[in-house]
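Me: I'm new to reading protein structures. Could you pick one part of this chain and take me through it closely, then show me how it fits with the rest?

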Amino acid sequence: MLVDRCLRYALPGRCAFCLGAAMEGAPWCRQCLDELPWNRTACSRCAEPFSGPAGEPIKSCGACLREPPSFVRARVPLCYSDPVAAQVQRFKFSASPRAGAILLSLLQGALTTGGDVLPEALVAVPLHEQRARERGFDQADWLGSRLAQRLGMRYIKARRLRSTPTQRGLSREQRRANLKSAFVIDTSLPASVAILDDVMTTGATLDALGQACLEAGADHVEAWAVARTPMH
């Protein structure tokens, strides 16, 4: 998209995190990039961070073994802590295009490292129409449409059937109950899809959207997000 190309080339040559000199073609410096809160040791199913040797993912955590989510894999490269959390808040609540471009580039880079075959389509978590009108900005749709274009994937929109109460302060089980049957997809999906949100907390929202994807014909669902909030 023209706006995204202009944003990438118009970003000032200063690191978005420390204001030092940025790497060529990037909005960050090498030191800040290396020191971001990378989610390198996590459950491969839900991406919950664990302490342990970096780069050694846990196949499935206890929660996923007890009650597997609708998605078979989660790819969430960062932990939700500063300075990533500050960028997410600027993007989500102030609609900062620069913050969005930074988060988009971080996620894209993580997804294209390693040469994995990507799913055929991308579905972002939708806001309810009323909430989208009130906020004037749907952050997951902004990320999803641009990410799909960059990765050469189909972008398919879901609908949120009802405006759910806030998820803040709820347990994983309460969040799942809150979101049961909250989403629908009005078109048949290909066999392999990815679902996207900006931040993954307990995974309940992505689990509900993943279930809607399975009902729409998908066989393999991956969950993607920029950052993961540790549950413990």
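Reply: Happy to! Buried residues make up 50% of the 232 residues in this chain, and please keep in mind that the model is predicted. The chain has nine helices and eight strands. About 11,500 Å² of the chain is exposed, and carbon and sulfur atoms supply 51% of that area. Among contacts between residues at least 6 apart in sequence, 70% join residues at least 24 apart.

Let's take helix α4 as our part, which covers residues 84-94. Which residues of α4 are buried? They are Val-84, Ala-85, Gln-87, Val-88 and Phe-91. Viewed down the axis of α4, these buried residues fall within an arc of 160°, so they line one face of the helix. On the face turned away from that buried side you will find the exposed residues Phe-93 and Ser-94. Just past the helix comes Ala-95, whose phi is positive, near 55°.

What does the buried side of α4 pack against? Its buried residues pack against β2, α5 (97-111), α7, β7 and β8 (220-228).

Now zoom in on one residue of this helix, Gln-87. Its relative accessibility is 5%, and because buried means under 20%, Gln-87 counts as buried. Which residues does Gln-87 touch, once its neighbours within four places in sequence are left aside? The contacts are Ala-16, Phe-17, Ala-99, Ile-102 and Leu-103.

The same helix also takes part in a charged pair. In general, side chains of opposite charge can pair when their charged atoms come close. Lys-92 forms a salt bridge with Asp-198, and their closest N and O atoms are 3.5 Å apart. Since Lys-92 lies in helix α4 and Asp-198 in strand β7 (residues 192-200), the pair ties together parts that are 106 residues apart in sequence. Asp-198 has a relative accessibility of 2%, so it counts as buried.

It helps to set that pair beside some others, as the count of salt bridges comes to seven. One of them joins the side chains of Arg-30 and Asp-34, at 3.4 Å from N to O. Why are Arg-30 and Asp-34 separated by about one helical turn? Because they are four residues apart in helix α2 (residues 30-35). Arg-30 is partly exposed, at 46% relative accessibility, and Asp-34 is partly exposed too, at 45%.

Another salt bridge brings together the side chains of Asp-141 and Lys-157, at 3.7 Å from N to O. This pair links distant parts of the chain: Asp-141 sits in helix α7 (residues 139-151), while Lys-157 is in the loop between β4 (154-155) and β5 (159-160), 16 residues apart. Asp-141 is partly exposed, with a relative accessible area of 22%, whereas Lys-157 counts as exposed at 57%. Salt bridges that share partners also join Arg-73, Arg-75, Asp-116 and Glu-222 into one network.

Next, compare what we saw in α4 with a spot in a loop. Where is Val-76? You can find Val-76 in the loop between β1 (73-75) and β2 (78-79), and β2 is one of the elements that the buried residues of α4 pack against. Is Val-76 buried or exposed? With a relative accessible area of 6%, Val-76 is buried. Apart from its neighbours within four places in sequence, Val-76 is in contact with Asn-39, Ala-47, Met-200, Ala-225, Val-226, Ala-227 and Arg-228. Val-76 and Glu-48 are 28 residues apart in sequence, and their C-alpha atoms are 9.0 Å apart in space.

Finally, here is another helix to look at: α9 (residues 204-215). Its twelve residues should span 16 Å at 1.5 Å a residue, and its end C-alpha atoms are 17 Å apart, which agrees. Helix α9 is mostly covered, with nine of its twelve residues buried. Among them are Leu-206, Asp-207, Leu-209 and Cys-213. Just after α9, Gly-217 takes a positive phi of about 110°.

To return to our chosen part: α4 has a buried face, and through Lys-92 this helix is tied to strand β7.

Notes:
Residues numbered from 1 in each chain as written. Predicted model: local features only at pLDDT ≥ 70, side-chain atom pairs only at ≥ 80, totals over all residues. Heavy atoms only, no water. Helix = DSSP H or I, 4+ residues; strand = E, 2+ residues; numbered from the N terminus. Buried < 20%, exposed > 50% of the residue type's maximum accessible area, 1.4 Å probe, protein only. Contact = heavy atoms within 4.5 Å. Areas by Shrake-Rupley, 256 points an atom, 1.4 Å probe, with all protein chains shown as cover. Salt bridge = Lys/Arg side-chain N within 4 Å of Asp/Glu carboxyl O. Expected span 1.5 Å × (residues − 1). Arc of directions from axis to C-beta.
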